[in-house]
Amino acid sequence: MIALAELERGGAPAASSYIESLERDTRLRACLFDVNGNPIAGKGCETFADMRSRVATARSPEFAVKYGLVRVAQILPGSGGRDYIFATELPAGPRAAFGMDRAAVLLRFAVALCVSGFICYLLTRYLTGPILRLRQAAQQLAGGMLSTRAAASIERRGDELGALGRDFNTMAARIEELISRQRQLILDISHELRSPLARLNVALDLAREGKAGNLPFDHIESDLVRLNEMIGRLLTIARLDTPAVPVEMISVNLTDLVRQIVDDAGFEAQKRRVAVNMAAPEECCARGNAELLHSAIENIVRNAIRYTDATTSVDVSLDHDDNSNILLTIRDHGRGVPEDDLGRIFQPFYRVAEARDRESGGAGLGLAIADRVIRIHRGTIRAENAQTSGLKVVIEIPAESPQTT
């Protein structure tokens, strides 16, 4: 160590001169102590008092960081067998920070500020940009632009904003579907009401003129019955679509319920020489509403009787599947349904062959009611074409657990 060499060559004044020049040239503040901790050279050596005493006791180097300054103290062996303690710190205090290096410090601060500001700007755009675009999409959706969706770039994100974008698109698609269905339902209702109302007006005119005897009143009665039935079914659909309305659930023996429906429908099916066959175990119980289940199953059975070919049969089977669910299958032997229409026959007023449905008197609401009833019972309903001919409607409802019996 040069400070120690200067001390041994020229004594304390030479060591002090060297340390002063070191501080002046490199801005390193340093002090030289004897082994007992007495200062030999340097200024402000009292700041190293704690480190000096620990080095003297432990006889090992000491490192410390205080107020952003790195301090080092260690023992230096002298040539005459004596030991000394040398301590230094970097930077050397106010002079180095605010003297000739002030410009460098300010430059570093400015660079750090610019870099951090740029990073914050990018981070802000990364986080707030998608939120602003989602806000704009929400405003467009609220303004009636139902086809509005969040940008694909938001959907592809793997963070929470990406999940929010995907949920927004799911919600927007669902809203568009519901409103489209509502508009279509209004159009269908208007279309369905127009024909009987027109016939009622004609019959009323004939009745006023007294030219057709009792015939106008027969038509009026028929159309009023049709309108009353249609309105009742629409009210049923509206009630089933309202989740706030509770539905009373009890234990229902589906075997007895389906057998009653089959017996009643079989009597009416004799007009078309159609047989209604049933295969079921002695008891199949489910937790449900007997009135709603009766209406739903009866709609499907009557629909099957309406469209099965004359002199054929409607086959009804009831059984348990491997998942402890009740499986109800109703099959006719008619012409079936085009594959593209199988998923839509449960929509209100949907008709596969409109002229044929009108002749049969159907309004296209029976299967829509059945679909809603089955979903209320936590079940599923689907339609599929049979392998040979005809349509097969399959209903799956959870069986009643032993705990609830």
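This passage describes the fold of a single chain, from its overall make-up to selected residues. The structure is a predicted model, in which the chain averages a pLDDT of 80 and 87% of the residues score at least 70. Confidence is not even along the chain, however: over residues 92–100 the pLDDT stays under 50, and the model has twelve contacts beyond four places in sequence for this stretch. Residues 354–361 also have a pLDDT below 50, with 13 contacts in the model beyond near neighbours in sequence. Where pLDDT is low, the predicted coordinates should not be read in detail.

The secondary structure of the chain comes to eleven helices and twelve strands, and of its 405 residues, 35% count as buried. Among the contacts in the chain with a separation of 6 or more, 61% are accounted for by residues 24 or more positions apart.

The largest nonpolar core has 48 residues, and those with the most contacts inside it are Val316 and Ile330. At least two residues of this core are supplied by each of several elements, including the helices α7 (215–240) and α8 (254–269) and the strands β9 (313–320) and β10 (325–331). Helix α9 gives the most to this core, with eight residues. When residues up to four places away in sequence are not counted, Val316 touches, among others, Val258, Val262, Val301, Leu328 and Ile330. A second, separate core of eleven residues includes Ala41, Leu76, Tyr84 and Phe86.

Asn299 is also found in helix α9, and this residue is buried, with a relative accessible area of 11%. Beyond residues up to four places away in sequence, Asn299 touches Arg233, Gly366 and Ile369.

At the start of the chain, helix α1 (residues 2–26) has 25 residues, yet its end C-alpha atoms are only 14 Å apart, short of the 36 Å that a straight helix would reach at 1.5 Å a residue. Consistent with this, α1 bends by about 140° at Gly10, and a proline, Pro13, follows within four residues. The buried residues of α1 include Ala3, Leu4 and Leu7, as well as Ala14, Ala15, Ile19 and Leu22. Arg27, which follows α1, has a positive phi, near 60°.

Strand β1 (residues 29–34) is largely enclosed by the rest of the structure, because six of its six residues are buried. In a regular strand the side chains alternate between the two faces of the sheet. Both faces of β1 are covered, since Arg29, Cys31 and Phe33 on one side and Ala30, Leu32 and Asp34 on the other are all buried. Strand β1 runs antiparallel to strand β2 (residues 39–41), to which two bridges join it, and the bridge partner of Phe33 in β2 is Pro39. The two strands β1 and β2 form a hairpin with four residues between them, and Gly37 in the turn has a positive phi of about 95°.

Beyond the hairpin, Gly42 lies in the loop between β2 and α2 (49–58), and at 34% relative accessibility this glycine counts as partly exposed. Although Gly42 and Cys31 are eleven residues apart along the chain, their C-alpha atoms are separated by 4.5 Å. Leaving aside neighbours within four places in sequence, Gly42 is in contact with Ser16, Ile19, Ala30 and Cys31. Of these partners, Ser16 and Ile19 are among the buried residues of α1, while Ala30 and Cys31 are buried on opposite sides of β1.

How values were computed
Residues are numbered from 1 along each chain as its sequence is written. Side-chain values use heavy atoms; hydrogens and water are left out. pLDDT is the predictor's confidence in each residue, from 0 to 100. Contact means heavy atoms within 4.5 Å. A nonpolar core is a set of buried Ala, Val, Leu, Ile, Met, Phe, Trp, Tyr and Cys residues joined through side-chain atoms within 4.5 Å. Buried means under 20% relative accessible area, exposed over 50%, partly exposed in between (1.4 Å probe, protein chains only). The expected span of a helix is 1.5 Å times one less than its number of residues. The bend at a residue is the angle between axes fitted to the seven residues ending there and the seven starting there. Two strands pair if DSSP finds at least two bridges between them.
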